[in-house]
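User: Please take me through the reasoning behind a few of the labels used for this model, setting each value against its definition.

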Amino acid sequence: MPKGSVLVVGGGIAGVQSALDLANSGFLVHLVEKTTAIGGKMSQLDKTFPTNDCSACILSPKLVECGRHFNINLLTLSDLVSLKGEPGSFTAVVRQRPRYIDPDKCIACGLCAEKCPKKVDDEYNLGISKRKAAFLSFPQAVPLKYAIDPDHCIWLKKPGKCGACVKVCPADAINFDDTEKEHILEVGSVVLALGFSPYDPSSLDFTGYGRLPNVVTAMEFERYLSPSGPCMGHMERPSDGKEPSRVAWLQCVGSRDINRSCHPYCSSVCCMFAIKQTVIAKEHAHGDFSSSIFFMDMRTHGKGFEDYYNRARKEGVNFHRARVHSVLQGKEEGDLRLRYVNEQGEICFEEFDMVVLSTGLEVNKQTVELAKMLELELDDDNFVKTDVFHPVSTSRPGIFVCGAAAEPKDIPQSVMEASAAAMEAGRILAPARWQETTVKDYPLERDVHAEAPRIGVFVCHCGTNISSVVDVDSVMEYAKTLPDVVFAQTNLFTCSQDTINQMVNIIKEQGLNRVVVASCSPRTHEPLFQETLRDAGLNKFLFEMANIRDQDSWVHRDEPEAATIKAKDLMRMAVARVRGENALPYNTVKVVKSALVIGGGIGGMTAALSFAGQDFPVTLIEQTDRLGGNANKLYRTWQADEVQPYLAETIKKINAHPQIDVRMNCQVSDVGGSVGHFTTQFSDGHSLIHGVAVMAVGGEAYKPEGEWNYLYGKNPNVHTLLEVDQMLIDGQTDFKQTGQAVFIHCVGSRIPERPWCSRVCCTHAIDSAVKLKDLNPEMDIFMLYRDIRTYGRRERIYQEARAKGIIFVRYDLDHLPSVNEANGKIIIQTHDPIVDSDITLHPDLLVLATAIQPRQESGNLSKFFKCAIDAHGFLLEAHMKLRPVDFATDGVYLAGLCHYPKPMEETIAQAKAAAARATIVLSQDEVPAESITAQVFDAKCTGCGVCVTICAYSAISMDEDKNVAMVNTDLCKGCGACVAGCRSDAMTLMNVGNEQLMAAVEAAFI
Amino acid sequence: MSDQYDLSKLRTRVKQQIEKAVPDAKIDYCLTCGLCASGCPASGIEDMDPRKFLRYLVLGQDDIILKTNWIYSCSLCQRCKYACPMGIDVGRIVYEVKGMRPKEDRPTNLQRSCDLQKKGNSTGIPDADFVWVVGDILEEVHELEPEWSDLQAPMDKIGAKFYLNQNAKEPTVEPEEMVPLWKILHTVGIDWTYSSKWWDGANYCLFPGDPEDWEYTVRKQAETVNDLGCTTYINTE
């Protein structure tokens, strides 16, 4: 039996996601983080593209979940120092540095930091502000526990010298005698989520970085924009605090450069990063604001990115296709003067208030050291080596990698890989699932049905977040005057572990049967307080929160008296509402432990094998009579691995696996049920009951037509990329007679009808061109492109292609190449912008890099599962950033081209990720169902049936005998559409009914 | 009105010739990012810049490459190489192209200066005149500036530590311009010498692009330095 626990190294978003997926599917996770708190780089970002979400706000709930998870052992200030053993049974030694503040005692009041006399550079803010030697890295840190920095603490350097923190700490938490601890952990597999380092531009003299104060890195600019940054969200430039109104972004600083930075790869995220910053900076600006991005190729190759780019252009961001030669001192003090050349070759100078360097991503120094210790192979750029067919596997079995440690990548891709790594790490330990985990036991719940309301109110200071504005004591005193309130108190941090324990005792001692917490947002903290009620033997739905922080103290900072009145109002409304609330059932659905995978391409097959590898039965359906989907048409990957042998091997595994039932020529014709228990009808007449479903229905190649036809189908020498792949697979053509080949990029992509970038075609076209050149070195090859988007390490193949003499000629939408024929010979006219000349080509072969588009069928299918599609027809995930493989509908997941065009390694990773997310459901015996469900008052129901048609979840049916509506609580999602639609007021949502809402409204107007 | 290039059959003879002579020329690596052009002091002269120059090479427009006099505005300063993300040394490539130009088609003054330097110095004055001018100017300093009465301008001093060459223009047209450097060397107490042969430091033969000519003039100077037994060569150009 393998071990049932996993070691995850790295507490950034990738590590956190991996840890949560593993812990939620039955494994004990040791999460090792080298700093004092988890959150990584994402916690330092202000906003994230393309949704402009507040980074900390979407990250924070995951961090909180991680920090509170029963089966995640969070080890901060820790490093993995050795690992011995083999897959299934490793012994890891983790060394944990002393924190010097006892996390069990620390209440995060912040007094130690306030009184600490030692100021040091704050690395969380990249050194642009100061922190104390006693510190909390950021306000939402998990664990929310202070630490003492031994490199700077006066006492630790000279015992007896300071000790200010000891004197002020109200919790007696300071422990200067804290020592290093060694943890010996028995684990079955390892996930490395080691992250990256931002490139340090200090050595690039031309940027002026380090010499000219108003030249900052993108990460620094992010801190300048962030509300938790040194300028509290006011955009200020470093030299004089002036709000900049002209800002320039310089792309590829430390990327795509083999001369000065030695990073031949593209960092993949910086183009979008820069565009996002222009948008957010403009929002921060009070007056006129102009932004300019200096770039070489605009790489907006992800989902929603091209739309974002187009919007920025429309809104007036200046895009200059140039790398900037030098950043010089401007005319006015602090201003900066850029020297660059425009596309016409004229030298230009332009003045800016501030310059942001879009610095690239590079490998952490520690990653290289750790890889050496673990004997892992690194690639030419020192990233942890993986391969296309095994995108999260390292060279050592049992050790997996995810995120930017394997290649520069964005957050959604890192999150996908994190889940994929969790799947792989969990797959080899599947027999040991739930063997090392512990399940939380709750005490029996008290029946409060017959009791008169006894309400307890807890008013939070939130450190100074609330109490610096709101008079919390008067709110608490006021609470005591409200009817049925039998207890009220204030807390420094209601969410701290000691207060939570205290709250359990108070509920019991005071016999409370309703609880109100007046503090922060229910989005992040409601689950915590609800769990506290359960710990005290109360039903968790007898609880309300009043948000007197986000919606009060933070927004009314300058009006403390009015804010105090508002806090009282909000609290009084919560009390009024909780008074009428009842205990609700913890509904569950028994999980059918099998999966349906729709689509027999690489994505679907990978997902199916992932389930089967964990011993879950899978049904894989394919609408054609052949497995493999688009992979049947692909010659090789960009790393020159041939696809057909891999495909054949995968199909063999699928057909041989006893847990996989393959149904060919089969489509879905109807779906009922919900997470844990779906019933799906197939076109072949069969039906299946299954717990989860993965949609991997693929995409298809656009067929060139109209303006983009380029003689396709008319001249025999015009082919699509996939047709050239077929020739290469067949191996019948040696291309010796092809004197000249031309490739046209973006055929049908990035145009108004299909405004997305198809992501794979630049790399695919270039790889095909390289292959042709290898077959016939005499062949002249021209690539007509708009932007080369060989993101990440694919940039190397672009360089290889140029080195082989393949010529790249840029075109734009205003000057499309014209393709004609004379006597069967193709004639292409295009324009070279560098020498401003027209070029005539006479290729023997014209290859069109055509767009990838969604299939019609995916739209129909999404309706069956109540999943959304985006404006372009691709399936729409639950959240573009942090839930890239989930649908908003529980129990349904997606992978591959139906989500967005992507190369094979990303489809494989996404399919594994989808399986990982689905495994969370399959590994449970039952899953929670909605407790807040609709209820019918039979006496009022007229049996009109409107609710039946309104319900998007098919949860309502008619009781033909009684002629009234009936709600199936297993299916009801508590959306309330039926309540709003009911003409007879016969429908209500439990605890969110008129009784509770009207009580709150009435309380508001007292 | 832009030019028309028919690339039915791409012929890049000049590029290939350069690549043969300079295997790490990396012309094909060009990303057309414009960094070379934006830093080049010669950008825009003759409607050319380093990026365009490379582009014409890549597109096989050899007529333009072989015809443009822009190459003579390139002083091989290597700012392009420093800035280029691919590290392409455009100056090195320009040098090769300069050498491809028939001698008779090169800028007359430049070729003549090199031809003269191959005979001794680029102005063509007899070596004896140089020796005489140096002596004459030194004498003048001794007379007019008593505080510099011990100033020296050694000629062919065997075993001097430093060998100093001299731009030939100064002894020819403005000989007093030589004096400040003598004074500096004297003040810091350096043991140096001129030589009476191969004394011209102008290095003109670097610019017409014939490596043999350049090597010849450099070798001649080196031999002179060795004959004098100097350990350090100071190039004043």
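Analyst: Two strands count as paired if DSSP finds at least two bridges between them. In this predicted model, strand β2 (residues 162–164) of chain B and β3(B) are joined in the parallel sense over two bridges, so the criterion of at least two bridges is met and the strands are called paired. One bridge partner can be named, since Y163(B) has T193(B) as its partner in β3(B).

User: What makes β3 and β4 of chain B edge strands?

Analyst: The sheet is an open one of three strands in the order β3-β2-β4 (chain B), with parallel pairing. Within it, β3 (192–193) and β4 (232–234) of chain B each pair on one side only, and they are the edge strands.

User: How do you know that β44(A) pairs with strand β1 of chain B?

Analyst: β44(A) and strand β1 (residues 3–6) of chain B are connected in the parallel sense over four bridges, and because the definition asks for at least two, they count as a pair. Along this pairing, T840(A) stands opposite D6(B) in β1(B).

User: Which elements supply the side of chain A that touches chain B?

Analyst: The contact takes 30 residues from chain A and 33 residues from chain B. On the chain A side, β20 (336–341), α20 (795–803) and β44 (837–841) each supply at least two residues, and β44(A) gives the largest share, five residues.

User: How do the residues of that side of chain A divide by character?

Analyst: They divide into twelve nonpolar, nine polar and nine charged residues.

Technical notes
Residues numbered from 1 in each chain as written. Chains lettered and ligands numbered in written order. Predicted model: local features only at pLDDT ≥ 70, side-chain atom pairs only at ≥ 80, totals over all residues. Contact = placed C-beta atoms within 7 Å. Nonpolar A, V, L, I, M, F, W, Y, C, P; charged D, E, K, R; others polar.
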